[in-house]
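Good morning, colleagues. I should like to take a few minutes to go through one model with you. Please have the sequence and the structure in view as I speak.

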Amino acid sequence: MAVTLSNRVFHITGEPSFSLPDSPPGLVAAFVISQYGHGPAAPLRFAIVVAVVLPTVPLLSWITCNLIEIPRRRAASSSGALGGPALESVKRSA
């Protein structure tokens, strides 16, 4: 089980999932509905929303993860805020 869950596919899909709150699907859907929600019939509006939201939200999550989350974690780790190498050097000198 641990081998399966540590697989690269789970890592690639799981890492950006923490960025989902930064690009909530509801806001993307609301934007699409505001643009295309008045003319077409309900099934077509639903298809348009699904066609836009399904690829857009994971893409936004991936971008947010790679441009904000990962660099922030690296900076915090190197500064010692997360107990990284900088904190270890302070402990050794004390």
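Which residues in H3 meet which residues in H4? Before I answer, let me note that this is a predicted model.

On the H3 side, the residues are Pro 25, Val 28, Ala 29, Val 32, Ile 33 and Tyr 36. They meet Arg 45, Ile 48, Val 49, Val 52, Val 53, Thr 56, Val 57 and Leu 60 in H4. By character, the residues of this contact divide into twelve nonpolar, one polar and one charged.

Now to the geometry of the pair. The axes of H3 and H4 lie 9 Å apart, and the two helices pack at an angle of about 140 degrees. Why is H3 described as oblique to H4? It is because of that packing angle that H3 counts as oblique to H4, given that only angles over 145 degrees count as roughly antiparallel. The crossing of H3 and H4 is right-handed.

Let me turn to the core. The largest nonpolar core consists of six residues, namely Val 28, Ala 29, Val 32, Val 49, Val 53 and Val 57. Helix H3, spanning 25-36, and helix H4, spanning 42-79, are the elements that give two or more residues to this core. Val 49 may serve as an example from within the core. If we leave aside neighbours within four places in sequence, Val 49 is in contact with Ala 29, Val 32 and Ile 33.

I would next direct your attention to another residue of helix H4, Ile 70. Is Ile 70 buried or exposed? Ile 70 has a relative accessible area of 18%, and it is therefore buried, since the cut-off is under 20%. Not counting residues up to four places away in sequence, Ile 70 touches Glu 15 and Cys 65. As for the first of these partners, Ile 70 and Glu 15 are separated by 55 residues in sequence, and their C-alpha atoms are 9.4 Å apart in space.

Finally, the chain as a whole. The protein chain has five helices and zero strands, and along the sequence the pattern reads α-α-α-α-α. The chain comprises 94 residues, of which 20% count as buried. Among contacts between residues at least 6 apart in sequence, 56% join residues at least 24 apart.

Thank you; I would welcome your comments.

Methods: Residues are numbered from 1 along each chain as its sequence is written. This is a predicted model: local features need pLDDT of at least 70, side-chain atom pairs count only at pLDDT 80 or more; totals for chains, interfaces and linings use all residues. Side-chain values use heavy atoms; hydrogens and water are left out. A nonpolar core is a set of buried Ala, Val, Leu, Ile, Met, Phe, Trp, Tyr and Cys residues joined through side-chain atoms within 4.5 Å. Buried means under 20% relative accessible area, exposed over 50%, partly exposed in between (1.4 Å probe, protein chains only). Helices (H or I, at least four residues) and strands (E, at least two) are DSSP runs, numbered from the N terminus. Contact means heavy atoms within 4.5 Å. Axes are lines fitted to C-alpha atoms, for helices over the stretch in contact, and angles run from 0 to 180 degrees between N-to-C directions. Angles under 35 degrees count as roughly parallel, over 145 as roughly antiparallel, 65 to 115 as roughly perpendicular and the rest as oblique. A crossing is left-handed if the near helix is turned anticlockwise from the far one by less than a right angle, and right-handed if clockwise. Ala, Val, Leu, Ile, Met, Phe, Trp, Tyr, Cys and Pro count as nonpolar, Asp, Glu, Lys and Arg as charged, and the others, Gly among them, as polar.
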